Amino acid sequence: SSRVPAAEGEKRRRRRRRKPAPAPAAPPKELTITDLDIRVARIIKAWKHPDADSLYVEEIDVGEEKPRQVVSGLVKFIPVEKMQDRTVLVLANLKPAKMRGIMSHAMVLCASDAEHTKVDFVIPPTSTPGERVTFPGYTGESSGLLDIKVIGSVLDGLRTNEEGVALYKDAPFTTSAGVCKGSIPNGNVR
């Protein structure tokens with residue numbers, strides 16, 4: 001007989017119902033410094049993380065309706081007294097991440113020496129919290145929320161020069177009041 005056994009017929013029906021393979025995804029866009037939303041901010045207050053000896057929790061004014069909560073690994077480098085009422089720069093469009101049980105909604109940018117034994121803030125000249133940092137020669141709007149894992153190639157271009165001026169490649173971090181500096185010359189910025 002030309003009848004197909006029931007099990008074989010079921011296999012054929014399943015094969016016909018399969019969806020076609022999805023088209024290959026477009027290669028990810030190459031990120032540049034303009035994809036990062038670096039903003040002037042003010043640490044309102046900071047305190048030690050209740051569950052991590054090396055972390056601070058900060059309440060930071062980024063020029064929005066309410067302050068952001070940020071977690072930073074700066075305890076070994078900056079005393080808690082120097083974390084209070086400080087003007088700093090933050091990377092504002094990082095995806096929120098839980099750090100030892102507390103959500104962090106940005107990243108404070110600091111300069112460090114090559115050995116990572118000295119770390120200090122990158123400081124904007126007198127500026128208003130929320131002002132976006134620009135980079136001469138680079139234009140564009142920041143991307144939406146970015147995962148820390150995908151911005152490594154851009155972060156690798158951040159550094160300070162011999163005068164401590166923070167740079168992306170050779171373009172200084174710039175606000176309406178001038179360039180941003182750190183106290184660590186020829187360092188890395190993260």
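This report describes the fold, an aromatic cluster, the largest pocket and selected loop residues of a predicted model.

Residues are numbered from 1 along each chain as its sequence is written, and side-chain values rest on heavy atoms, with hydrogens and water left out. Because the model is predicted, local features require pLDDT of at least 70 and side-chain atom pairs pLDDT 80 or more, whereas totals for chains, interfaces and linings use all residues.

**Overall architecture**

The chain contains 2 helices and 16 strands; these are DSSP runs numbered from the N terminus, with helices (H or I) of at least four residues and strands (E) of at least two. Of its 190 residues, 41% count as buried, where buried means under 20% relative accessible area, exposed over 50% and partly exposed in between (1.4 Å probe, protein chains only). Contacts (heavy atoms within 4.5 Å) with a separation of 6 or more come to 64% from residues 24 or more positions apart. The accessible surface of the chain is about 11300 Å², with 52% belonging to carbon and sulfur atoms; accessible areas come from the Shrake-Rupley method with a 1.4 Å probe, and for residues only the protein chains shown count as cover.

**Aromatic cluster**

Rings of Phe, Tyr and Trp (its six-membered ring) pair if their centres lie within 6.5 Å; planes under 30 degrees apart are stacked, over 60 edge-to-face and the rest tilted. By this rule there are 3 aromatic pairs. The rings of Phe-135 and Tyr-168 are edge-to-face, because their planes stand at 75 degrees, with centres 6.4 Å apart. Phe-135 lies in the loop between strand 9 (119-123) and helix 2 (152-155) and Tyr-168 in strand 11 (residues 166-168), so this pair ties together parts 33 residues apart in sequence. Phe-135 is buried at a relative accessible area of 5%, and Tyr-168 is buried at 4%.

Phe-135 also forms an edge-to-face pair with Phe-173, at 4.9 Å centre to centre and 70 degrees between the planes. Phe-173 sits in the loop between strand 12 (171-172) and strand 13 (174-175), so its pairing with Phe-135 ties together parts 38 residues apart in sequence. Both Phe-135 and Phe-173 are buried. Together, Phe-135, Tyr-138, Tyr-168 and Phe-173 form one aromatic cluster.

**Largest pocket**

On a 1 Å grid over the protein atoms alone, a pocket is an open set of points where a 1.4 Å probe fits, with protein on both sides within 12 Å along at least five of seven lines; lining residues have an atom within 4 Å of a point. The largest pocket holds about 480 Å³ of space, the volume being that filled by probe spheres set on grid points joined across faces, edges and corners. Its lining comprises 22 residues, of which Val-71, Ser-72, Gly-73, Met-107 and Val-108 lie nearest the centre. Two or more lining residues come from each of strand 3 (68-72), strand 5 (97-99), strand 7 (107-108) and strand 8 (110-112). Strand 8 gives the most, with 3 residues.

**Loop residues**

Three loop residues are set out below.

| Residue | Loop | Relative accessible area |
|---|---|---|
| His-105 | strand 6 (102-104) to strand 7 | 30%, partly exposed |
| Asp-85 | strand 3 to strand 4 (86-91) | 51%, exposed |
| Asn-186 | strand 15 (181-182) to strand 16 (188-189) | 53%, exposed |

Not counting residues up to four places away in sequence, His-105 touches Arg-68, Gln-69, Val-70, Ala-92 and Pro-96. Asp-85, although not a glycine, has a positive phi of about 50 degrees. Asn-186, also not a glycine, has a positive phi of about 50 degrees.
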